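Here is a short briefing to read beside the sequence and the structure. It moves from one helix to the whole chain, then to charged pairs and single residues.

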Amino acid sequence: MRYISTRGKAPAQTFEQVLLTGLAPDGGLYVPEQLPSFSKEEMEQMASLSYPELAHKIITPFIDGAINDADLKEIIDRSYASFANKAVAPLHMLGANEWVLELYCGPTLAFKDFALQLLGNLLDYVLKRNNQKVVILGATSGDTGSAALEGCRHSDNVDIFILHPYQRVSEVQRRQMTTVLGDNVHNIAVKGNFDDCQRIVKAAFGDQSFLPEGRQLAAVNSINWARIMAQIVYYFYASVQLGGPHRPVSFSVPTGNFGDIYAGYLAMQMGLPVRQLIVATNSNDILHRFINRNEYGLSELKHTLSPSMDIMVSSNFERYLFDLFGRDGQALAQFMTSSTDGTHSVTPERWEQARKVFASASVNDDVTCEVIKQVYEETEFLIDPHTAVGVKAARECNTDKSVPMITLATAHPVKFADAVTRAGLDTPALPEHLRDLFEREEQYAIVENSKEAVTDFVKSHL
Ligand SMILES: *Cc1c(COP(=O)(O)O)cnc(C)c1O
């Protein structure tokens, strides 16, 4: 299987190549040239597979022989062995035909572990085989950083540097990153905001001349294709537990960067019967404005109680737009590079096509807290604010109560205690493996808000 750029001007790449890079040289994102698909019979058989077995089945065509089968199996088994629940992604019932898919049983308590445990192990395997070392540089507003550090800490062939905005992540989130200690692990607190961190990372990827000979940067954010690939699996897993493929299901997905829900869209394209795919956003609603009003344009960044969805631009949306534009990279490039200050729109035909696939809702902080409280009162089940955005959107957009509605629960509520407190509920306890988080030794550097300050730091710590 080959991977092509959404902007149509970069050469096609192999799986191994896209694993080790970030953006394509033409500024696009890599997508598979063709998607595999699964027949009804194959999907029927999926119902009896364990999570790692199913992951192996779904991921194999994307890897396309780049890793031999026995090794791939072992990599996948190891990636999900660290999850606290044997089901890996358990379904929890909230009400009649209403479910949440708990995606926070991994080591850092957010769904990003699904992709980053696997990505870390895939990188380690390929780099060892090539006798190659890479430098991972990433920016985080919280969850990506800790998941990436957990995923990559054991790899001798990786030096990982994670930027977070100084004093702007929660204490649990900071400690989950800064207590990961190792010679190859570096946390950098940048004296700026998350956008500054992202800008610095982007600039460093654009000019890698600060790195020693033979080293290159690798990406752990969701522009990395392998992350999307890993996330396709749990859509199939949830569906077949609830009667798929003979019975369609619907998904509500809390999203900012469009990474998680794009994986759901791909599952549909691969044959999974999905009735509704709901884009659940907080007040940073660029995706909702597009789906609801055909308006695509920036608005000011708002800091919300669901900070992992606080974005202005949804980078993975480009992957979907590529399909919407009939895979015409040039037309898409024009759309993406035309002014983003003013809003722009797609043709009414294209917009209608998008609305056939996606519904959407935007949920503010007050409503988020009400939903946390309401769900707790109804079921004694505590959800985090990202999940609450999803549950609300699911209830608002549901058009057919006879179809199981599954909200992806993207984080453990302990990570976002502020919202839980504001909802008038008690903060939950940290899970067993993190009980002593507040006593652990922390290590991080505080660095000026400039590309040079960061690249100098990286250079001197390799
Ligand atoms: C990253 C994250 C999201 C949003 O993921 P997308 O890649 O934007 O779809 C939602 N919830 C939590 C808890 C996250 O960490």
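**Helix H9 and its surroundings**

Helix H9 is mostly covered, with 16 of its 17 residues buried. The model is predicted. Its secondary structure comes to 18 helices and 13 strands.

- Asn 224 caps H9 at the N-terminal end. A side-chain oxygen of Asn 224 lies 3.0 Å from the backbone nitrogen of Ala 226.
- Just after H9, Gly 243 takes a positive phi of about 105 degrees.
- H9 covers residues 225-241, and Arg 227 is found in it.

**Arg 227: a buried charge**

- What is the nearest side chain of opposite charge to Arg 227, and how far away is it? It is Asp 260, 8.6 Å away.
- Arg 227 is buried yet has no salt bridge. The cut-off for a salt bridge is 4 Å, from a side-chain nitrogen of Lys or Arg to a carboxyl oxygen of Asp or Glu.
- A backbone group does lie within reach of the Arg 227 side chain: the oxygen of Val 220 is 2.7 Å from one of its polar atoms.
- Beyond its neighbours within four places in sequence, Arg 227 is in contact with Lys 112, Ala 115, Leu 116, Leu 119, Thr 144, Val 220, Asn 221 and Ser 222.

**The whole chain**

- The protein has 462 residues and a radius of gyration of 21 Å. A compact globule with that number of residues would have a value near 23 Å, so the two agree.
- The C-alpha trace spans about 60 × 50 × 50 Å along its principal axes.
- Of the 462 residues, 59% count as buried.
- About 18000 Å² of the protein is exposed, and carbon and sulfur atoms supply 46% of that area.
- Take the contacts between residues at least 6 apart in sequence: 75% of them join residues at least 24 apart.

**Salt bridges**

- Side chains of opposite charge can pair when their charged atoms come close.
- The count comes to 27 salt bridges.
- Glu 16 and Arg 129 meet in a salt bridge through their side chains, at 2.9 Å from N to O. This pair links distant parts of the chain. Glu 16 is in helix H1 (residues 15-19) and Arg 129 in helix H5 (residues 112-130), 113 residues apart.
- Arg 129 counts as partly exposed, at 42% relative accessibility.
- Arg 275 and Asp 400 form another salt bridge, at 2.8 Å from N to O. Arg 275 lies in strand E10 (residues 274-281), and Asp 400 in the loop between H16 and strand E12 (405-409), so the pair ties together parts that are 125 residues apart in sequence.
- Arg 275 is partly exposed at 43% relative accessibility. Asp 400 is partly exposed at 22%.
- Arg 422 and Asp 366 meet in a salt bridge at 3.0 Å, N to O. The pair links helix H17 (residues 417-422), which holds Arg 422, with helix H15, which holds Asp 366; the two residues are 56 apart.
- Arg 422 is partly exposed, with a relative accessible area of 48%. For Asp 366 the value is 48%, and it too is partly exposed.
- Glu 171, Arg 174, Arg 175 and Glu 442 are joined into one network by salt bridges that share partners.

**Glu 318: a buried acid**

- Is Glu 318, in helix H12 (residues 317-324), buried or exposed? Glu 318 counts as buried because its relative accessibility is 4%, and buried means under 20%.
- The side chain of Glu 318 makes a polar contact with the side chain of Arg 7, at 2.7 Å.
- Leaving aside neighbours within four places in sequence, the contacts of Glu 318 are Thr 6, Arg 7, Gly 28, Leu 29, Leu 332 and Met 336.

**Leu 382: a buried loop residue**

- Leu 382 is found in the loop between helix H15 (365-379) and helix H16 (385-397).
- Leu 382 is buried, with a relative accessible area of 14%.
- Outside its neighbours within four places in sequence, Leu 382 is in contact with Ile 372, Tyr 376, Pro 413, Val 420, Leu 425, Asp 426 and Pro 428.
- Tyr 262 is 120 residues from Leu 382 along the chain, and their C-alpha atoms are separated by 26 Å.

Note on methods: Residues numbered from 1 in each chain as written. Predicted model: local features only at pLDDT ≥ 70, side-chain atom pairs only at ≥ 80, totals over all residues. Heavy atoms only, no water. Helix = DSSP H or I, 4+ residues; strand = E, 2+ residues; numbered from the N terminus. Buried < 20%, exposed > 50% of the residue type's maximum accessible area, 1.4 Å probe, protein only. Lys, Arg positive; Asp, Glu negative; His and termini not counted. Polar contact = N/O pair within 3.5 Å; in protein donor to acceptor, adjacent residues only side chain to side chain. Contact = heavy atoms within 4.5 Å. Rg over C-alpha atoms; globule rule 2.2 N^0.38 Å. Areas by Shrake-Rupley, 256 points an atom, 1.4 Å probe, with all protein chains shown as cover.
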